[in-house]
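Got the model open in your viewer? Let's walk through it one selection at a time.

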Amino acid sequence: MIEARGLVKRYGSTMAVNDLSFSIRPGVVTGFLGPNGAGKTTTMRMILGLDAPTQGSVTVGGRRYRDRPAPMREVGALLDARALLGGRRARDHLLCLAHSNGIPRSRVDEVLATVGLQGVARRRVKGFSLGMGQRLGIAAALLGDPAVLIFDEPVNGLDPDGIHWVRTLIRALAAEGRTVLVSSHLMSEMALTADHLLVIGKGALIADTSVDDFVRSSSRQSVHVRSPQAAELAARCRQAGATVRDGSTGTGPGVIEITGMDSAEVGRLAAADGIALSELIPLRASLEEAFMELTRQSVEYQAAGVTR
Amino acid sequence: MTGATIARTGPDPRAAFRASTFADVLRSEWTKLRSLRPAFWALTVTVVAGIGLGAVISAAAAHGYARLSASGKLSWDPAGVSQAGVAIASLAIAVLGVLCMSSEYSSGMIRTSLIAVPKRGRVLAAKSLVLAVATFVVGEAVSFTAFFVGQALISGYAPPAALGDPGVARAVAGALSCSTSAAAGSVPRAPQHAFTEADTGEVTVPGQAGHAAAGAPPGR
């Protein structure tokens, strides 16, 4: 359980994080989503005590991270996979971290096997690819077998195979009842990984919702129709209260897009009036579009707030 | 081993759950030092320069003793001659002190270290202490070995010194301890400043080697 209350971080005149409050529950994957520079990493750094909040507080399991008696046993974190000494061997790197929290040596070999790096355990990390570095960072996070896991952009630099592996691992960790917070700027990635979403933009919370609700609430669902009697159908739909616009450019003649009415209703209406349909397709905005819509709104909202 | 064990008896990490202690952090810092490649080289230079160079200079000086003038013979300092390589050795130790901390910052490892141990004072104290003890032990070993090797090479060609001679034991024991404290003291400071600190210590301290509190942990 991670809880933030009125979290604020200001760098000079820049508001990196603005009055953020949330609680992250165990047993589900919470996606932390926002465009680059939205304040995701800053928030994570504050959770881990690397930065002190200007105002507000954030606790892990009811205590500040800094006050946890054995931090790595309670919280595992991957913030920056490159934050390590290149000349050190992979196993030594993990050993340094394990010793600091009294974690037995045998656990180092366990996590190396979990992330599939046992073959390169004696290699110096300088020669690691980005993907291998990410795996090593994940191994470090898993060292203490913690109940809370925090991953900042864990799939960065991974190949499709690696992405699939991380996704499966993250889902498995949550299924074991752990609290998992994963940040990303890729909505499509979160759609496959997360159950719950925290969306931030310009440091402020935009949405705290389940992935399903998020898509439902922010997507404009519409129906794409092609018909030789498109104009007639458009008039009928408008009468019935729907919004109709001509199909976007490149779709050819006789195409309209209807919003405020689902495809079944459009079909019924067309049948009742004897209108022939050659295409009837329900359109659902993709998550990526929903996300962009939402963050755009947040920008507009903030602009309005200034003039008010 | 009789009877089949069915349940896994391996250590359960959760069963061993306990608060992280200062001893844990010390152990971690010791592992860091051991696995820091430049540290290995710095200690190698310390040993080679301190003992090897000292031996070469002792041998050369002893062979030249016979040709020294009367006043040269009067100021003959066999203990000082055998410690000639120690100056370079102590420079290597000072560099090691700087590297220990600056490598954490330049690589970004410090962020990982502080997530593992969020109490910053603990990390600094453990790093300083580990460095102080390690360099003190190596320093003393090098210093005394250089002394005995040097005296062995000198004897027969020139009057050697003995540890029991006035001031000799203190000079030998203190020869590297000053750079040990300089090295350990550089840990809490910003890396850019550390080189200057260590250099200053190097330039000013050897004359007062005897004064240096051997292996004193840094003030912070």
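Start in chain B and select helix 1 (22–34) together with helix 7 (residues 120–154). Keep in mind that you're looking at a predicted model. The axes of helix 1 and helix 7 of chain B come within 9 Å and cross at roughly 55°. Helix 1 of chain B is therefore oblique to helix 7 of chain B, and the crossing of these two helices is right-handed.

Now show the side chains where helix 1 and helix 7 of chain B meet. From helix 1 of chain B, pick B:Phe22, B:Val25, B:Leu26, B:Glu29, B:Trp30 and B:Leu33. Their partners in helix 7 of chain B include B:Val123, B:Ala126, B:Leu129 and B:Ala134. Colour this contact by class and you get eleven nonpolar residues, no polar ones and three charged ones.

Next stop, still in chain B: select helix 2 (residues 37–64) and helix 5 (86–107). How far apart are the axes of helix 2 and helix 5 of chain B, and at what angle do they pack? The axes are 7 Å apart, and the angle is about 170°. That makes helix 2 and helix 5 of chain B roughly antiparallel. Among the residues that meet here are B:Ala42, B:Thr46, B:Ala49 and B:Gly50 from helix 2 of chain B, and B:Ala89, B:Ile93, B:Leu96 and B:Cys100 from helix 5 of chain B. By class, this contact has 16 nonpolar, three polar and no charged residues.

Now bring both chains into view and look at where they touch. Chain B puts 29 residues into the contact and chain A puts in 34. On chain B's side, helix 1, helix 5 and helix 6 (109–116) each supply at least two residues. That side of chain B has twelve nonpolar, nine polar and eight charged residues.

Time to move over to chain A. Its domain assignment gives domain 1 (2–217) and domain 2 (220–283), so try a colour for each. The C-alpha centres of domain 1 and domain 2 of chain A lie 46 Å apart.

Select strands 2, 1 and 4 of chain A: they form an open, antiparallel sheet of three strands, in the order 2-1-4. Strand 2 (14–24) and strand 4 (55–60) of chain A each have a single partner strand, so one side of each has no neighbour in the sheet. Neighbouring strands here are turned by 20° against each other on average, direction ignored. Zoom in on strand 1 (residues 2–11) and strand 4 of chain A, which five bridges join. Which residue of strand 4 of chain A stands opposite A:Val8? That's A:Gln55. Then add helix 1 (residues 40–47) of chain A, which lies across strand 1, strand 2 and strand 4 of chain A and runs at about 120° to strand 1.

For the last stop, select the open sheet of four strands in chain A, with antiparallel pairing and the order 11-12-10-13. At its edges stand strand 11 (243–246) and strand 13 (279–283) of chain A. Five bridges join strand 10 (residues 222–226) of chain A to strand 13 of chain A, and A:Val223 has A:Pro282 as its bridge partner. Now add two helices. Helix 9 (residues 230–239) of chain A lies across strand 10, strand 11 and strand 12 (255–259) of chain A, at about 10° to strand 12. Helix 10 (residues 263–272) of chain A touches strand 10, strand 12 and strand 13 of chain A, and its direction makes about 155° with that of strand 13.

Technical notes
Residues are numbered from 1 along each chain as its sequence is written. Chains are lettered from A and ligands numbered from 1 in the order in which they are written. This is a predicted model: local features need pLDDT of at least 70, side-chain atom pairs count only at pLDDT 80 or more; totals for chains, interfaces and linings use all residues. Two residues are in contact if their C-beta atoms, placed from the backbone, lie within 7 Å. Ala, Val, Leu, Ile, Met, Phe, Trp, Tyr, Cys and Pro count as nonpolar, Asp, Glu, Lys and Arg as charged, and the others, Gly among them, as polar. Axes are lines fitted to C-alpha atoms, for helices over the stretch in contact, and angles run from 0 to 180 degrees between N-to-C directions. Angles under 35 degrees count as roughly parallel, over 145 as roughly antiparallel, 65 to 115 as roughly perpendicular and the rest as oblique. A crossing is left-handed if the near helix is turned anticlockwise from the far one by less than a right angle, and right-handed if clockwise. Domain bounds come from an automatic or database domain assignment. Two strands pair if DSSP finds at least two bridges between them.
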